[in-house]
Amino acid sequence: MAAAAVGLVMTMTSCGTTSAPEGDALYRDGEKNYVAYSTVMHSVIMAIHEGDWAVDQGSFGASPIPCRIDGDVSGYTFSWARVLEPAEEIDVEAVVAAATAAFEDAGVEASTTRFGEGDRQEVNIVGTGGDVGRGVVTIRPGRNQISATAMPGCIPGDAAALSDMVFGGELAYDGASLRFPAFEGPNWQPRFYFPEEGSPVYYNEDGSPVEPQPTTTAFPVAPYGG
């Protein structure tokens, strides 16, 4: 999944003409941007439900994805997705209020759109600006499901070079995505370094989450930036 993400080119609006960082500075810039937007989204989902949310479709949120700035593939972005299917019936208005307040508390403008009725109802709370770029909380009462996604704007920098540093070597190694946490909960800690040696394995080869999930506070420390 990580390797596939690196091969996906997204087209986004230019973030300006700032020269792109390289080397260790690129890693530290990527880490800063990842931590900033993922922290906002963590606050949003925890405001809605302070429990475990599943990482959806392998979109942990730390894999750099190439994107275009002024027509050139010269930037990177991230893709973050979480899903909650609570045991109890969803209180739509409570979720809207919690997500809106969490976005606004983070300096992100929030708006709500509603589509359909009954089992086909879908409610979207869209957060734009600030550190998050664009974050969306989608409520589907008919499925009793809440999903949250985010993708910051296109940031100047070489996505492939940054990916190499995130995974601790040239190109993402086989099985790299197995080292992304399968869930995000109250004890979440931002991570931006997943070397083949030293990172816990969170998924089985068949894609199912390891149960119970590994718990550790001693994550590998990236040797970049000093």
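## Two loop residues with positive phi

Gln-57 sits in the loop between strand S2 (53–55) and strand S3 (65–69). This is a predicted model, and in it Gln-57 has a positive phi of about 55° even though it is not a glycine. That is worth a look on your screen, because most residues other than glycine have a negative phi. As for its surroundings, Gln-57 counts as exposed because its relative accessible area is 67%, and the cut-off for exposed is over 50%.

Asp-70 has a positive phi of about 55° too, and it is not a glycine either. You'll find Asp-70 in the loop between S3 and strand S4 (72–77). With a relative accessible area of 57%, Asp-70 is exposed.

## A cis peptide bond

Next, have a look at the backbone going from Glu-211 to Pro-212: that peptide bond is cis, with omega near -5°. Most peptide bonds are trans. Pro-212 belongs to the segment after S11, and the tyrosines of that segment come up again below.

## How H2 packs on H3

Helix H2 (residues 23–48) packs against helix H3 (residues 92–105) at an angle of about 150°, and their axes are 8 Å apart. Since anything over 145 degrees counts as roughly antiparallel, that is the label for H2 and H3. The crossing of H2 past H3 is right-handed.

Which residues of H2 and H3 make the contact? On the H2 side they are Met-41, Ser-43, Val-44, Ala-47 and Ile-48, and H3 brings Val-95, Ala-98, Ala-99, Ala-102 and Phe-103. Sorted by class, this H2 contact with H3 has nine nonpolar residues, one polar and no charged ones.

Another residue to pick out in helix H3 is Thr-100. Is Thr-100 buried or exposed? Thr-100 is buried, because its relative accessible area is 18% and the limit for buried is under 20%. If you skip residues up to four places away in sequence, Thr-100 touches Ala-110, Thr-112 and Ile-125.

## How H2 packs on H4

H2 also meets helix H4 (residues 159–166): the axes come within 10 Å and cross at roughly 80°. That angle falls in the 65 to 115 degree range, so H2 and H4 are roughly perpendicular.

From H2, the contact uses Gly-23, Leu-26, Tyr-27 and Gly-30, while H4 supplies Ala-161, Leu-162 and Met-165. By class, the residues of this contact of H2 with H4 come to five nonpolar, two polar and no charged.

## Tyrosines that pair up

There are 16 aromatic pairs in the structure. One of them joins Tyr-27 and Tyr-224, with 4.9 Å centre to centre and 45° between the planes, which makes it a tilted pair. This pair links distant parts of the chain: Tyr-27 is in helix H2, Tyr-224 is in the segment after strand S11 (183–184), and the two are 197 residues apart. Tyr-27 counts as buried at 1% relative accessibility, and Tyr-224 is buried as well, at a relative accessible area of 14%.

Tyr-224 has a further pairing, with Tyr-193: this one is edge-to-face, with 6.1 Å centre to centre and 90° between the planes. Both Tyr-193 and Tyr-224 lie in the segment after S11, so the pair ties together parts that are 31 residues apart in sequence. Tyr-193 is buried, with a relative accessible area of 12%. On H2, Tyr-27 does double duty, since it is also among the residues in contact with H4.

## Around Thr-149

Last stop: Thr-149, which is in strand S9 (residues 145–150). Thr-149 is partly exposed, with a relative accessible area of 37%.

How far apart in space are Thr-149 and Ser-79? Their C-alpha atoms are 7.5 Å apart, although 70 residues separate them in sequence. Leaving out neighbours within four places in sequence, Thr-149 is in contact with Met-41, Trp-80, Ala-81, Arg-134, Gly-135 and Val-136. You've met Met-41 before: it is one of the H2 residues in the contact with H3.

Notes
Residues are numbered from 1 along each chain as its sequence is written. This is a predicted model: local features need pLDDT of at least 70, side-chain atom pairs count only at pLDDT 80 or more; totals for chains, interfaces and linings use all residues. Side-chain values use heavy atoms; hydrogens and water are left out. Axes are lines fitted to C-alpha atoms, for helices over the stretch in contact, and angles run from 0 to 180 degrees between N-to-C directions. Helices (H or I, at least four residues) and strands (E, at least two) are DSSP runs, numbered from the N terminus. Angles under 35 degrees count as roughly parallel, over 145 as roughly antiparallel, 65 to 115 as roughly perpendicular and the rest as oblique. A crossing is left-handed if the near helix is turned anticlockwise from the far one by less than a right angle, and right-handed if clockwise. Contact means heavy atoms within 4.5 Å. Ala, Val, Leu, Ile, Met, Phe, Trp, Tyr, Cys and Pro count as nonpolar, Asp, Glu, Lys and Arg as charged, and the others, Gly among them, as polar. Rings of Phe, Tyr and Trp (its six-membered ring) pair if their centres lie within 6.5 Å; planes under 30 degrees apart count as stacked, over 60 as edge-to-face and the rest as tilted. Buried means under 20% relative accessible area, exposed over 50%, partly exposed in between (1.4 Å probe, protein chains only).
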